[in-house]
Structures are given as C-alpha cells and as structure tokens.
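Trainee: I have a new model open and I want to learn how to read it. Where do we start?

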Amino acid sequence: MSVLIDKFPTRSQELLQYVSLIRYAARVHKGLGWAIYDFKFRQKASVNKSINWSVVDTQLWLTIFTVSPAILKEEYPLFSNGPQRNVSTTGDANRGTCNFYNRSGTCNRDPCYFRHVCNRCSGLHPRVDCPVHPVRQPEREGGRHRESDHGGSSKSSSSHRK
C-alpha cells in the first residue's frame, strides 16, 4: 500500500477502503477466500492501472465467496496452507495447549480445541502437576496461600480433568 500511495498519493482513501474490504471478507467468510480474492484482484489491478480499489469486483467476489471453502482449496491449492490460527478444530497435534487446564488441572470448555497436556514437558498432566518442571509454591500472604484464578485450589481430582 505504501508503494502505491507513494506513486499515487490521491488514491490513499480507496486503498484504505480496500484493506477494510479484505479484513471484512476474512472475518465473515470461512476459509481463505479473502486471500484468493486479494490475489486475483491485485492481478487485475496490475493489468488495469485505473481500477478503483474501493469498489468491490462483483464478478470476482461472487466467484470466490459463493463456493464452499473445500472447493476453493481444490481449485486454488496454492492457498491451502494459508495463515494458521491458534485454535484448531481439526484435531491435529499442532494446536496449542489449554491454559485453563495447565493452570488449574481443569477446563470448563466444551469442547476445548486446545490440547490437554503439560505446556512445559508435553506430558499427560497439567503444568501444576508437572514432575519435570515443578511449579514454585505461591508466596504466602497473611499466612495463607493465594488462591488460583478459578477461586479454588490449584489441584483437583483427575475425574474432573478432560
């Protein structure tokens, strides 16, 4: 954007509107359609220098956003490995660890999309019970231990763990 604004300073408003459009598409539509739209629109803009970036290319928009994300993946495999999110619903091993589970040994999310393993050693226990990297005991305040984020003790029975 800064390169275009440097060359065409009067077009800054339309470029900002274009960025807003792409952010909207990424937020509202599932999959990587926003990236494909952006790529295809930029291809058109490289050929047609007078294209107005703030106006939606209706034909391109409908072509991209009226098909399922799975079909887009097949048709545009270049975009199948787009930006990864921290939360994964696919059940793969690359998703992050659950902070609630690691802090207290329990998690109330149903379903929880994060892995319930130790975030220090990847063991099958929460961080609070980690034998490899034990958690330091909390400092005493007025003769009592501070309570955990959940208002209870930091450990709970294994029957409550997910």
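Trainee: Which residues do ring pairs link into a cluster?

Mentor: Start with the general idea. A pair of aromatic rings is described by the distance of the centres and the angle of the planes. Now this case, which is a predicted model. Ring pairs join Y18, Y37, F41, W53, W61 and F65 into a cluster. The search of the whole structure gives seven aromatic pairs.

Trainee: What lies over the face of F8?

Mentor: R11 does, at 5.8 Å from the ring centre. R11 also forms a salt bridge with E14, where the closest N and O atoms are 2.9 Å apart.

Trainee: Are the two partners of that bridge buried or exposed?

Mentor: Use the 20% cut-off: under it, a residue is buried. E14 has 16% relative accessibility, so E14 counts as buried. R11 counts as buried too, because its relative accessibility is 16%.

Trainee: Let me step back to the fold. How many helices and strands does the protein have?

Mentor: Six helices and two strands. Along the sequence the pattern reads α-α-α-α-α-α-β-β. The protein has 162 residues, and buried ones make up 28% of them. Look at sequence range as well. Take the contacts with a separation of 6 or more: 46% of them are between residues 24 or more positions apart.

Trainee: How do I read a single helix? What is the span of helix 3?

Mentor: Compare the end-to-end reach with the expected value. Helix 3 covers residues 33–47, which is 15 residues. From first C-alpha to last, helix 3 reaches 21 Å, close to the 21 Å expected at 1.5 Å a residue.

Trainee: Which residues of helix 3 are buried?

Mentor: G33, A35, I36, Y37, D38, F41 and A45. The buried residues of helix 3 pack against helix 2 (12–28), helix 4 (58–65) and helix 5 (69–75).

Trainee: What should I expect of nonpolar side chains in general?

Mentor: In soluble globular proteins, they tend to be buried together. Here the largest nonpolar core has 17 residues. Y18, Y37, F41, W53, W61, I64 and F65 touch the most other members. Helix 2, helix 3 and helix 4 each supply at least two residues of this core. Helix 2 gives the most, with five.

Trainee: Take one core residue. What does Y37 touch?

Mentor: Leave out residues up to four places away in sequence. Y37 then touches Y18, L21, I22, V56, D57, L60, W61, I64 and F65. There is also a second, separate core of five residues, which includes Y101, C107, C112 and F114.

Trainee: Now charges. How many salt bridges does the structure hold?

Mentor: The general idea: side chains of opposite charge can pair when their charged atoms come close. This structure holds three salt bridges. You have met R11 with E14. Next, the side chains of D38 and R42 meet at 2.8 Å, N to O. D38 and R42 are both in helix 3, four residues apart, about one turn of the helix.

Trainee: Is D38 buried or exposed, and what of R42?

Mentor: D38 is buried, with a relative accessible area of 15%. R42 is partly exposed, with 44%. R42 has other neighbours. Not counting residues up to four places away in sequence, R42 touches Y18 and W53. The C-alpha atoms of R42 and W53 are 9.2 Å apart, and these residues are eleven residues apart along the chain.

Trainee: Which side chains make the remaining bridge?

Mentor: Those of D57 and K44, at 2.6 Å, N to O. D57 lies in the loop between helix 3 and helix 4, while K44 is in helix 3, so the pair ties together parts that are 13 residues apart in sequence. D57 is buried, with a relative accessible area of 13%. K44 is partly exposed, with 36%.

Trainee: One last point, on the backbone. What is the phi of S122?

Mentor: Background first. Most residues other than glycine have a negative phi. S122 is not a glycine, although its phi is positive, about 65°. You will find S122 in the loop between helix 6 (99–104) and strand 1 (140–141).

Notes. Residues are numbered from 1 along each chain as its sequence is written. This is a predicted model: local features need pLDDT of at least 70, side-chain atom pairs count only at pLDDT 80 or more; totals for chains, interfaces and linings use all residues. Side-chain values use heavy atoms; hydrogens and water are left out. Rings of Phe, Tyr and Trp (its six-membered ring) pair if their centres lie within 6.5 Å; planes under 30 degrees apart count as stacked, over 60 as edge-to-face and the rest as tilted. A charge sits over a ring if NZ of Lys or CZ of Arg is within 6 Å of the ring centre and within 35 degrees of the ring normal. The expected span of a helix is 1.5 Å times one less than its number of residues. Buried means under 20% relative accessible area, exposed over 50%, partly exposed in between (1.4 Å probe, protein chains only). Contact means heavy atoms within 4.5 Å. A nonpolar core is a set of buried Ala, Val, Leu, Ile, Met, Phe, Trp, Tyr and Cys residues joined through side-chain atoms within 4.5 Å. A salt bridge is a side-chain nitrogen of Lys or Arg within 4 Å of a carboxyl oxygen of Asp or Glu.
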